[in-house]
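Let's go through some labels one by one and ask what earns each of them. Here is the structure to keep beside you as we talk.

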Amino acid sequence: LFSKEQLQCFLVTTICVLEPILPLGTVVELKKEYFPELAGPDVMRLQIVITHRFLHTEDGKHYFPYAGIVYPVGTLLGEKYIQFTAPLIKRVTHLGYSNRHERALVLEMKKELVQEKRMAHFGFAPEAVTADYYRKLSGVM
């Protein structure tokens with residue numbers, strides 16, 4: 001039998017490995033309620049172009065599947081990109097280019113991060129870790 005921790009680890013690993021990853025260049029609409037500093041009352045839709053994937057957190061235990069820049073504005077005056085996970089995506093507006101090389105890279109990244117380094121995507125980080133991350137983030141923006 002599995003312990004609760006072993007079962008949790010198994011499920012998180014399975015989800016992270018099987019979760020589809022959107023290609024670079026994909027434009028997504030994020031759920032505005034999770035990004036109040038970016039999506040003020042005048043913003044109708046918060047659209048992001050995916051420009052980065054698999055970015056590690058400082059603790060080395062988690063990664064963000066996606067990061068990108070605001071569409072159509074891009075980056076202004078050294079702003080950083082927005083890191084996010086799939087549950088924060090409201091809808092995919094435009095799907096980026098993907099071929100067998102890109103899909104192979106995604107599989108290799110998952111193998112390295114999830115299987116070898118035992119990392120999970122940020123959506124599975126403990127509440128204390130996410131609270132600390134967002135506190136630091138709000139101080140930067």
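Buried means under 20% relative accessible area, exposed over 50%, and partly exposed in between. Keep in mind that this is a predicted model.

Q: What are glutamate 102 and arginine 53 called, buried or exposed?
A: Both glutamate 102 and arginine 53 are buried, so each has a relative accessible area under 20%.

Q: What makes glutamate 102 and arginine 53 a salt bridge?
A: The closest N and O atoms of glutamate 102 and arginine 53 are 2.4 Å apart. A salt bridge needs a side-chain nitrogen of Lys or Arg within 4 Å of a carboxyl oxygen of Asp or Glu, so the pair qualifies. This pair links distant parts of the chain: glutamate 102 sits in helix α2 (residues 100–116) and arginine 53 in strand β2, 49 residues apart.

Q: Why can side chains of opposite charge pair?
A: They can do so when their charged atoms come close.

Q: How do you know that arginine 91 and glutamate 29 form a salt bridge?
A: Their closest N and O atoms are 2.6 Å apart, and the cut-off is 4 Å, so the label holds. Here too distant parts of the chain are linked, with arginine 91 in strand β5 and glutamate 29 in strand β1 (residues 27–30), 62 residues apart.

Q: Why is glutamate 29 called buried, and why is arginine 91 called partly exposed?
A: Glutamate 29 has a relative accessible area of 2%, and buried means under 20%, so the word fits. Arginine 91 has 40%, which falls between 20% and 50%, so partly exposed is the right term.

Q: What makes the contact of glutamate 112 with lysine 117 a salt bridge?
A: Their side chains meet at 3.1 Å, N to O, which is within 4 Å and therefore counts. Glutamate 112, at 29% relative accessibility, is partly exposed, and lysine 117 is partly exposed as well, with 44%. Elsewhere, salt bridges that share partners join Glu29, Lys90 and Arg91 into one network.

Q: Why is threonine 85 called buried?
A: Its relative accessibility is 7%, and the limit for buried is 20%, so threonine 85 passes. Threonine 85 lies in the loop between β4 (82–84) and β5 (89–94). Leaving out residues up to four places away in sequence, threonine 85 touches Phe64, Pro65, Tyr66, His121, Phe122 and Gly123.

Q: How do you know that leucine 7 is partly exposed?
A: Leucine 7 has 39% relative accessibility, and values between 20% and 50% carry that label, so it applies. Leucine 7 is found in helix α1 (residues 4–18).

Key:
Residues are numbered from 1 along each chain as its sequence is written. This is a predicted model: local features need pLDDT of at least 70, side-chain atom pairs count only at pLDDT 80 or more; totals for chains, interfaces and linings use all residues. Side-chain values use heavy atoms; hydrogens and water are left out. Helices (H or I, at least four residues) and strands (E, at least two) are DSSP runs, numbered from the N terminus. Buried means under 20% relative accessible area, exposed over 50%, partly exposed in between (1.4 Å probe, protein chains only). Contact means heavy atoms within 4.5 Å.
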